[in-house]
Amino acid sequence: MKKNKLVGGEYNFDGLVGPTHNYAGLAIGNKASMKNKSQISHPQKAALEGLEKMKFLMEKGFKQAILPPHERPDLNFLKKLGFSGSAEMMLKSAWKLSPALLSACYSASGMWTANSAVVSPSADTQDRKVHFTPANLQSYLHRSLESAQTSRILKYIFSDSRYFVHHPPLPAHPVFSDEGAANHNRLCSTYLSPGVEIFVYGRQGFFSNNGKTKIFYPRQTKEASEMIAFHHKLLPEKTIVVQQNPEAIDAGVFHNDVICSTDQNLIFYHEKAFLDTESILQEIEQKISPTPLLKVSVQTQDISLNEVVSSYLFNSQLLPISKNKWILLSPKECQTTPSVRDYLYSLKDLIQKVCFIPVRQSMWNGGGPACLRLRVVLTEEEARAVHPGVLLHHKLYKKLKNWIQKHYRDRLAPEDLLDPLLITESQNALDELSGILQIKNIYPFQ
């Protein structure tokens, strides 16, 4: 996409990986996060991997934009808990009380912007505006710290009230546990035409684990999904709320986007994605009609749930190249998992080509290519109302690459979180980034 050439369609808003990217293993149910707890992380490499993925899509002609990292550590949260004194004193006190608490305040999990919000295009809403609801992410402490900053960022980038409506996050209570677009799909004939929005939940909030999982507690609730659909003014006849398969959740499929992916009128899914997959597909076909629903189904005999989770096959990005033809942008782990690799190489019809991309630093924390982006469908007029400083072009790419190489550490060990210099380094980096992206005063320290 050339600089300043704005057209209607789907824009990928990828999260820049923050300077404090680390492996704390805070997300129970995310097997990669749990497995790599306390490993040495490489923030600079992680940020560059994410940036190169954005550049790849931009050069392929896809619409690419950026969401800036959150400020970390969250010192204001430590102050709310009663910690006081200098930043160094608060870090030491928090670490002494609970290393996990300090790790939560340092978490760079805001990089996975698929969890940041649910977005409904104006073609789907009754008031013909784009609706945003930041996720409360209340299931885990480190992620629950993100919603306020996410709200500030989205309101700055999408500020024109003629086109954009911003809802507050749902109440941070287990009944309304919301994990954002990672549990939200959309099917349509074209991006700008009315579509069917599909919300996927793991349990009902008013009842104790009626999701019937045996190992991991489901994060998304039915009540949260229904409330967002209500706030976004979606038509009931074009909205579906369905339950995820508890067997998949117990296997490590903590979000729907780890086992199902959609783009336009294509659904790419594992047979165990939903509690009753066949009836759900029938409902989708009925509601998307007269647009034909195209399906690529993966059977357990070809790829097991464990292989789905280890490879993050369904956290690949479906990229349309022509009518009813797609490219699949997959993590390198799909190439190194024999059953997944063989399956992908056998695809020749709807999915024409598979491109493997290295995002290993993200994968080690449980996030593939699709986790790193929030999908926002915009008309040409709406696109012109977006803050232009976040739209990726070659000149901005070069600036961001230099910025990462200048400010990010090569490695980060758990004990490095006690280093007060890391706070100064991170704030200096984010302050400079604000200038690069032409965004003013979105961070608490500014």
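A nonpolar core here is a set of buried Ala, Val, Leu, Ile, Met, Phe, Trp, Tyr and Cys residues joined through side-chain atoms within 4.5 Å, where buried means under 20% relative accessible area with a 1.4 Å probe, protein chains only. This is a predicted model, so local features need pLDDT of at least 70 and side-chain atom pairs count only at pLDDT 80 or more, while totals for chains, interfaces and linings use all residues. Residues are numbered from 1 along each chain as its sequence is written, and side-chain values use heavy atoms, with hydrogens and water left out.

**View 1. The largest nonpolar core and its best-connected members.** There are 100 residues in the largest nonpolar core, and Phe13, Phe158, Phe268 and Leu344 touch the most other members. Helix α2 supplies the largest share of this core, six residues; helices (H or I, at least four residues) and strands (E, at least two) are DSSP runs numbered from the N terminus. Apart from this core sits another one, of 16 residues, including Leu91, Leu102, Leu145 and Ile423.

**View 2. Around Phe13.** Contact means heavy atoms within 4.5 Å. Setting aside neighbours within four places in sequence, Phe13 is in contact with a list of residues that includes Ala65, Ile66, Leu67, Ile157 and Phe158. Also among its contacts are Leu372, Arg373, Leu374, Val386 and Val390.

**View 3. Helix α2, mostly tucked away.** The 17 residues of α2 (residues 43–59) should span 24 Å at 1.5 Å a residue, and the end C-alpha atoms are indeed 24 Å apart; the expected span is 1.5 Å times one less than the number of residues. Twelve of the 17 are buried, so α2 is largely enclosed by the rest of the structure. Among those buried are Pro43, Ala46, Leu51, Met54 and Met58, along with Glu49 and Lys53. Just after α2, Gly61 takes a positive phi of about 95°.

**View 4. Lys55, a lysine in α2.** Lys55 belongs to helix α2 and counts as buried because its relative accessibility is 19%. Beyond its neighbours within four places in sequence, Lys55 is in contact with Leu392 and Tyr397.

**View 5. The largest pocket.** A pocket is an open set of points on a 1 Å grid over the protein atoms alone, where a 1.4 Å probe fits, with protein on both sides within 12 Å along at least five of seven lines; lining residues have an atom within 4 Å of a point. Of the 17 residues lining the largest pocket, Asp74, Asn76, Phe77, Arg152 and Pro444 lie nearest its centre. Two elements, α3 (75–80) and α7 (147–157), give two or more residues to the lining, and α3 provides the largest share, five residues.

Conventions:
Buried < 20%, exposed > 50% of the residue type's maximum accessible area, 1.4 Å probe, protein only.
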